[in-house]
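Work through the following exercises with the coordinates open, and attempt each task before reading its solution.

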Amino acid sequence: MNKPLIMIGSGGHASVLMDLLDLNGERVIAYISPNKNTNNQMFEKVKYLSNDEDISQFNPDDVLLVNGIGSLPKHNNRKNVATFFTKLGFSFTSVISPSAIVSSSASLARGVQVMHGAIIQAGACIGEDSIINTGAIIEHDCDVGANNHIAPRATLCGGVQTLSNVHVGVHACVIQGLNIGDNVIVGAGATVSKNIEDKTIVYGHRALIIKKE
Ligand SMILES: CC(=O)SCCNC(=O)CCNC(=O)[C@H](O)C(C)(C)COP(=O)(O)OP(=O)(O)OC[C@H]1O[C@@H](n2cnc3c(N)ncnc32)[C@H](O)[C@@H]1OP(=O)(O)O
């Protein structure tokens, strides 16, 4: 039997995950967040804990965590949460929507979240703790790094490589075979037609570089 789950977070992303875990028949026994969720009745069924330190009530061998912190450009909360609880010996589980299509030859690392309607094609690899959000398409042989957020309806064409901490914005498109560096933000709706260096923000139809640290 699967281990019981503890949700970290109570906002929009956590709420979507709670619905999805329910569809998957998974058992969430508690959630930890400074704020109680009052919008989604799924949270009413589980124990509420207000401090991260409350995790000490559980043994890392007996439960798995779900990272319910959403990922937005320029915010590190999701990654910080993963680091904090991992240091305490806890592990984050993967969550895969029953309506996602994931090739049997794709590989997903620990903690990956694949939301409704997403498609991950043959030979693609998805790195640790990345989110492949609603309706996103990861084409064949893409190599997506750790802590990426491929936002709703974004598309990575075949053989695209992204390094760590990359955000590909909602409805953006990256043309086949391109390399996207660490800590890159691809803005909503952008079309990326060239390789992008580390720590760069791009947006617009031709994805011109507008900022580089
Ligand atoms: C389930 C979910 O909801 S998941 C959430 C998914 N959301 C996303 O993917 C959003 C991605 N974020 C973006 O596209 C953001 O706009 C960013 C990160 C690119 C903003 O980058 P910044 O450099 O901070 O831009 P800033 O907000 O200061 O805007 C600067 C200018 O660019 C424009 N701009 C910002 N983003 C975009 C964009 N994606 N496309 C075109 N123009 C843009 C702004 O309107 C502004 O124009 P102005 O100077 O004429 O007023």
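**Exercise 1.** Determine how the end-to-end reach of helix α1 (residues 12-23) compares with the expected value, and find which of its residues are buried.

*Solution.* In this predicted model, α1 has 12 residues, and at 1.5 Å a residue the expected span is 16 Å. The helix reaches 17 Å from its first C-alpha to its last, which is close to that expectation. Taking as buried a residue with 20 or more other C-beta atoms within 10 Å of its own, one finds H13, A14, V16, L17, M18, L20 and L21 in this class. These buried residues of α1 pack against β1, β2 (28-32), β4 and β5 (95-96). Just after the helix, G25 takes a positive phi of about 70°.

**Exercise 2.** Establish how the buried and exposed residues of helix α2 (residues 77-87) are arranged.

*Solution.* Begin with the buried set, which consists of R78, V81, A82 and F85. Viewed down the axis of α2, these buried residues fall within an arc of 100°, and therefore they line one face of the helix. On the other side of α2, N80, T83 and K87 are exposed. The cover over the buried residues includes β1 (5-8) and β4 (64-67).

**Exercise 3.** Describe the contact between domain 1 (5-93) and domain 2 (96-212), beginning with their separation.

*Solution.* The C-alpha centres of the two domains lie 24 Å apart. Domain 1 brings 10 residues to the contact and domain 2 brings 11 residues. On the side of domain 1 that touches domain 2, α1 and α2 each supply at least two residues, and the largest share, three residues, comes from α1. By type, the residues of this side divide into six nonpolar, three polar and one charged.

Definitions and conventions
Residues numbered from 1 in each chain as written. Predicted model: local features only at pLDDT ≥ 70, side-chain atom pairs only at ≥ 80, totals over all residues. Buried ≥ 20, exposed ≤ 12 C-beta atoms within 10 Å, placed from the backbone. Helix = DSSP H or I, 4+ residues; strand = E, 2+ residues; numbered from the N terminus. Arc of directions from axis to C-beta. Contact = placed C-beta atoms within 7 Å. Expected span 1.5 Å × (residues − 1). Domains from an automatic or database assignment. Nonpolar A, V, L, I, M, F, W, Y, C, P; charged D, E, K, R; others polar.
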